[in-house]
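User: Please take a close look at the aromatic rings in this structure. I would like to know which rings pair up and how they are placed.

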Amino acid sequence: MAIPDSLTVGDLDVTVEVSDRRRSVRLTVERDASVTAVVPPQVDRDTLVKIIESRRRWLYGKLAERRSLGDPRPEREYVSGEGFPYLGRSYRLLLVDEGPVRLVRGRLELARTDAGDAPRHLVRWYRKVGEPWLRRRIAPWAERVGVTVSGLRVMPLGYRWGSCSADGQVNIHWATMQLPSDLIDYVLLHELAHLRRRDHGPDFWRIVALAMPGYELRRDRLKRAGTDLWLPDGAV
């Protein structure tokens with residue numbers, strides 16, 4: 001099977017470059033936390049997938065290192081006054097006597113009795129508010145791209161912002177709801193374009209560019225957004 005310009009292995013998106021000077025496959029985690037495979041011409045897709053799978057643990061380790069570069073992600077405490085991002089803005093946490101997590105008059109309320117298990121309750125809130133918001137947001141983009149979305153779920157997706165399947169199902173990482181709305185639009189459009197083209201070849205990027213001229217600026221901002229997000233251990 002011919003080697004594509006890019007491929008997805010599990011939750012890893014890999015850019016593929018063919019080099020006549022390579023004798024073996026070289027995997028590199030770039031400074032922006034993207035993965036590149038430089039391969040000799042004789043390597044086919046199935047062989048490359050097996051190599052990537054065999055080095056998955058190493059790649060995850062390097063990705064973790066890259067994502068920790070720059071300003072370290074600040075530790076957050078689950079106390080009144082701590083800030084948590086939602087749609088590009090920081091909202092202060094307010095511990096209250098009772099009730100579910102909710103956003104009220106610019107404060108993110110959390111019951112004191114839930115503070116000991118705050119990450120689980122907060123992630124559940126991001127997922128709960130994310131699904132209806134994203135369903136409304138994705139509809140005009142799907143019409144612009146000319147695809148049908150059969151369903152949308154907000155869930156943990158590891159190192160990926162989103163994923164999709166051939167039947168029109170779109171999955172979005174819950175942490176995406178912390179991004180500014182224009183970057184969320186880029187994440188949605190990226191997955192919708194994959195409903196038409198599964199790889200990251202020139203045709204894929206033409207679809208993105210037609211729907212969102214100047215998308216490169218949003219893509220670059222998204223690559224730098226990771227250190228500002230709240231990602232508790234065990235909830236990615």
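Analyst: What follows describes the aromatic ring pairs, then two charged side chains that sit over rings. The model is predicted.

The count comes to 11 aromatic pairs. One of them joins Tyr 86 and Tyr 91, whose ring centres are 6.2 Å apart. Their planes lie at 55°, and since an angle over 60 degrees would be needed for edge-to-face and one under 30 degrees for stacked, this pair is tilted. Both Tyr 86 and Tyr 91 are buried.

Another pair is formed by Tyr 126 and Trp 230, with ring centres 6.1 Å apart. The planes of Tyr 126 and Trp 230 meet at 35°, so this pair is tilted too. It links distant parts of the chain. Tyr 126 belongs to helix α3 (residues 118-145), while Trp 230 is in the segment after α6 (215-223), and 104 residues separate the two. Buried means under 20% relative accessible area. Tyr 126 has a value of 0%, so Tyr 126 is buried. Trp 230 has a value of 4%, so Trp 230 is buried as well.

These two pairs can be placed in a wider group. Ring pairs link Tyr 86, Tyr 91, Tyr 126 and Trp 230 into a cluster that also includes Tyr 78, Phe 84, Trp 125 and Trp 174.

Rings also appear in another kind of contact, with a charged side chain over the ring face. Arg 55 lies over the face of Trp 58, at 4.3 Å from the ring centre. Arg 144 is placed over the face of Trp 141, and here the distance to the ring centre is 4.4 Å.

Definitions and conventions: Residues are numbered from 1 along each chain as its sequence is written. This is a predicted model: local features need pLDDT of at least 70, side-chain atom pairs count only at pLDDT 80 or more; totals for chains, interfaces and linings use all residues. Side-chain values use heavy atoms; hydrogens and water are left out. Rings of Phe, Tyr and Trp (its six-membered ring) pair if their centres lie within 6.5 Å; planes under 30 degrees apart count as stacked, over 60 as edge-to-face and the rest as tilted. Buried means under 20% relative accessible area, exposed over 50%, partly exposed in between (1.4 Å probe, protein chains only). Helices (H or I, at least four residues) and strands (E, at least two) are DSSP runs, numbered from the N terminus. A charge sits over a ring if NZ of Lys or CZ of Arg is within 6 Å of the ring centre and within 35 degrees of the ring normal.
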